[in-house]
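Me: Please take a close look at one part of this structure, the packing of its interior. Start there, then relate that part to the rest of the chain.

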Amino acid sequence: MSNQPHVLVTGGAGYIGSHACKTLAGAGFVPVTIDNFVYGHRWAVKYGPLVEADLADKNRLRGVFSDYPIEAVVHFAAYTYVGESVENPRKYFQNNVTNSLNLLEAMIDANVMPFVYSSTCATYGDPETIPLVEDHSQNPVNPYGESKRFIERAARWFGEAYGIRWAALRYFNAAGADPEGEIGESHDPETHLIPVVIEAALENRPHVAIFGTDYSTRDGTAVRDYVHVADLASAHLSALKHLMDGGASGAFNLGTGRGHSVREVIASVERISGLKVPVRDKGRRPGDAPELIADPSRAAEILGWRPHFQDLDRIVETAWRWHSREEK
C-alpha cells in the first residue's frame, strides 16, 4: 500500500466530492472514496480506491479504517435537496445526522482526528446582514440546513470531548466543472441554476423558470454567490492541511464575495453558448432570500484560500464545455 497519506472521502463519487478527490490526489494524498451511489457516479471515481458502502453500516465503516491507513476524513455524503427535506425530514435527519454521527464515532474509535465537513450557507437561514460572516446567527429555515448545523455543533462537542479537529466549510452556490474536462456536474433531478439554464439553451428543457422578479435587487431577481467547484475542492485541501498542521478548528465561508442575479446568469450562458435561453417569469418561492453573498475573508486569512475563478463567465464557460460535450 502506498506510503502517501490516505484520506477518507465520503461521497467522493458526487459532484464536489469527485473534484476534491482529484485535487487531493494532485497534492500527494490518496483519496479513498466511500459512496453508496444513491446520487454518485462510478465514472467520477478516478483518483483513488473505491469502497461501495453506506454510512449507516457501522461495521463496514469501521472496516474501512482497518483496511486503509486513514489519516483524515473529508465528509461530503449527504442529501441536499431543500424542498425534499421539507417534505421528508426523517430521510434527511437519518442520512445527514445519524449517519454522520456513525462516521464521527468510527473516526474516534480509529483515532483519526482531522475532519473536514461539507456544510452550507443554509445553516444561516434568512440573512440579517449581507455579506454573511461566520458569526452571523444560525437559524435554518429547512431540515436540510438544520441537519448540517447539527453536525457542525456535534463536531464542536466531539472536539472538546474526544479531540476531533474540524473545519466546517459553508458553501454558497457551487458551480462549474473541472477545467480539464475530466469530471463535472450531473444531478437527477437537476436544480442548480447554471446547468438548468444550459439545459434550456440546449433545448433539453422547455424554459428556465425565474422564481421572483420583484426582489429589491438590481434587476428584480434573486442574487447568489457562485463559487467554482474547483475552488471548493482547493478549499478542502487547504482546510485539511490546516488541521493536519495543528490549526484550530472553526467554520469558514466559501464564496467569491460577489453576487450575480438570475438574469445575469442567463445572460452569461447566452454569451458563452451563443444560444437563446427561453425564460418564464414565476412567483417567488417560499424561503428564497433576495440575496446571499459570502464574506470569505476568514478563509483567506486562516486557510490561505482565495477563489481562482472570480468571473461569472469563466465559471459558466467550464460548465458549458462539460454539458455541451455530453450532448455529442
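Reply: Two residues are in contact here when they have heavy atoms within 4.5 Å of each other. The model is a predicted one.

By that criterion, and leaving aside neighbours within four places in sequence, isoleucine 16 is in contact with Phe76, Tyr171, Ala174, Val229 and Leu232. Isoleucine 16 belongs to the largest nonpolar core, a set of 33 residues, and is listed with Leu169 and Leu254 as having the most contacts inside that core. Strands S1 (6-10), S4 (70-75), S6 (165-171) and S11 (250-254) each give two or more residues to this core, as do helices H1 (15-26), H7 (229-244) and H9 (297-303). H7 supplies the largest share, eight residues. A second core, separate from this one, has 31 residues, among them Ile34, Val51, Phe65 and Ile108. In soluble globular proteins, nonpolar side chains tend to be buried together.

Ile108 leads to helix H4, as this residue is among the buried ones of that helix. Others buried in H4 include Tyr92, Val97, Leu103, Leu104 and Met107, but also the polar residues Asn95, Asn96, Asn99, Ser100 and Asn102. The buried residues of H4 pack against strands S1, S4 and S5 and against helices H2 (58-67), H3 (82-87) and H5. S1 and S4 were met above as contributors to the largest core.

The length of H4 can be checked by arithmetic. The helix covers residues 89-110, 22 residues in number, and at 1.5 Å a residue it should span 32 Å. Its end C-alpha atoms are 31 Å apart, so the model agrees with the expected value. Asparagine 111 follows H4 and has a positive phi, near 60°.

Charged residues are also found in the interior. Lysine 22, in helix H1, has a relative accessible area of 17% and is therefore buried, since the cut-off is under 20%. Its side chain forms a salt bridge with that of aspartate 178, at 3.0 Å from N to O. The two residues are 156 apart in sequence, with aspartate 178 in the loop between S7 and H6. Aspartate 178 is buried as well. Lysine 22 also meets glutamate 180 in a salt bridge, at 2.7 Å from N to O. Glutamate 180 sits in the loop between S7 and H6, 158 residues away from lysine 22. With a relative accessibility of 61%, glutamate 180 counts as exposed, because exposed means over 50%.

A further salt bridge joins arginine 170 and glutamate 152, again at 2.7 Å from N to O. Arginine 170 is in strand S6 and glutamate 152 in helix H5, 18 residues apart. Both residues are buried. Through shared partners, salt bridges tie Lys22, Asp178, Glu180 and Glu182 into one network. The whole structure has 19 salt bridges.

Some backbone details in the loops complete the picture. Between S5 (114-120) and H5 (143-162) lies proline 131, which is joined to isoleucine 130 by a cis peptide bond with omega about 0°. Another cis bond, with omega about 5°, joins aspartate 188 and proline 189. Proline 189 is in the loop between S7 (173-175) and H6 (193-201). Two loop residues other than glycine have positive phi: phenylalanine 37, near 60°, and glutamate 203, about 65°. Phenylalanine 37, between S2 (30-35) and S3 (50-52), is buried at 16% relative accessible area. Glutamate 203, between H6 and S8 (208-211), is exposed at 72%.

On the scale of the chain, there are ten helices and 14 strands. Buried residues make up 55% of the 328 residues. Of the contacts between residues at least 6 apart in sequence, 76% join residues at least 24 apart. A compact globule of 328 residues would have a radius of gyration near 20 Å, and the chain has 19 Å, so the two agree. The C-alpha trace spans about 55 × 45 × 40 Å along its principal axes. The chain exposes about 13900 Å², of which carbon and sulfur atoms supply 47%.

Definitions and conventions:
Residues numbered from 1 in each chain as written. Predicted model: local features only at pLDDT ≥ 70, side-chain atom pairs only at ≥ 80, totals over all residues. Heavy atoms only, no water. Helix = DSSP H or I, 4+ residues; strand = E, 2+ residues; numbered from the N terminus. Buried < 20%, exposed > 50% of the residue type's maximum accessible area, 1.4 Å probe, protein only. Core = buried A, V, L, I, M, F, W, Y, C linked by side-chain atoms within 4.5 Å. Expected span 1.5 Å × (residues − 1). Rg over C-alpha atoms; globule rule 2.2 N^0.38 Å. Areas by Shrake-Rupley, 256 points an atom, 1.4 Å probe, with all protein chains shown as cover. Salt bridge = Lys/Arg side-chain N within 4 Å of Asp/Glu carboxyl O.
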